[in-house]
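Let's take a walk through this one, starting at the ligand and working outwards. Have the sequence and the coordinates open as you read.

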Amino acid sequence: MKMSDLRLPEGVVDRSGSTANDVALALADAVAGVLEARLREAPRASLVVSGGSTPLPFFQALSGKALDWSRVDVLLADERWVTEDSDASNTRLVRENLLQNNAASARFLSLKQPGATPAAGLERVRAELADLGLPIDVLILGMGNDGHTASLFPDAPELEAAMDPQCQDIVAATTPASQPQKRITLTWPPLRDARFTALHLKGEDKLHTLEKALSDPDQVLEMPIRAFLKPGLQVFWSP
Ligand SMILES: O=C1O[C@H](COP(=O)(O)O)[C@@H](O)[C@H](O)[C@H]1O
């Protein structure tokens, strides 16, 4: 199966490539271009990235881009409520692979704050994000094979509130039954309003998930990624 076998909605751009490395480099070029343009007109720019296994080569490529990183705010779209020394920590992934080289001078806003649970840490996370400029300039999403994106999981009891278009909170604690860790995630409104959004995917299984998501686009609570399959989205997929 290839991306061209799917019927993407009008306005969703197919940026797929033949290798994961090519796609990571293309995504890094695109993101650097958007950030550079933003930094020409604004004092700061924001970059929201995802965790998991897919972004590693993208992070490494992006970290070498010549930008004024000291004016870039980097944060995750979501985090597992684990300490930073855990292999499951998205923060650790970002620190070790993105906040390196030229990007070492970026300001990192951490979604993982003290607290026994994400719900207990929520106030501190809100304080950490208090001066984040909105809308987000660049948003890179991933997707799980259950159709989750960020930590907006179909089986999280908190999903409906976090996906509410009127949700007043920028972050939510989620506790998906399927996941070993509790989560913290940006909510739908700040993600929806990002100026540039890319979906970064690797592997044929993700194409099948995307195909399923496209088959019934209105049922967003069944597969939250559906909410993002809208004009303007760029999909960077590789086998
Ligand atoms: O748990 C998560 O999973 C998704 C997808 O990860 P991948 O390993 O399939 O690339 C990711 O986008 C999200 O940030 C992460 O917390």
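Before we look at the ligand's surroundings, one bit of bookkeeping: Ala, Val, Leu, Ile, Met, Phe, Trp, Tyr, Cys and Pro count as nonpolar, Asp, Glu, Lys and Arg as charged, and the others, Gly among them, as polar. Keep in mind, too, that this is a predicted model.

With those classes, the shell around the ligand comes out as 9 polar, 2 nonpolar and 1 charged residues. Who's in it? Ser50, Gly51, Gly52, Ser53 and Thr54 are there, along with Ala77, Asp78 and Asn90, and then Gly142, Met143, Gly144 and Ser151.

Now step over to Leu141, which sits in strand E6, spanning residues 138-141. Is Leu141 buried or exposed? It counts as buried, because it has 23 C-beta neighbours inside 10 Å, and the cut-off for buried is 20 or more. Setting aside neighbours within four places in sequence, Leu141 touches Ser50, Ala77, Thr149, Ala150, Thr197, Leu199 and Phe228. Of these contacts, Ser50 and Ala77 also turn up around the ligand. Then there's Gly51: 90 residues away from Leu141 in sequence, yet 8.6 Å from it in space, C-alpha to C-alpha.

Last stop, helix H4, residues 118-128, whose buried residues are Pro118, Gly121 and Val125. Looking down the axis of H4, these buried residues fall within an arc of 65°, so they line one face of the helix. And what do they pack against? Strand E7 (171-174) and strand E8 (183-186). Flip to the other side of H4 and you'll find Glu123 and Ala127, both exposed.

Methods. Residues numbered from 1 in each chain as written. Predicted model: local features only at pLDDT ≥ 70, side-chain atom pairs only at ≥ 80, totals over all residues. Near = placed C-beta within 6 Å. Helix = DSSP H or I, 4+ residues; strand = E, 2+ residues; numbered from the N terminus. Buried ≥ 20, exposed ≤ 12 C-beta atoms within 10 Å, placed from the backbone. Contact = placed C-beta atoms within 7 Å. Arc of directions from axis to C-beta.
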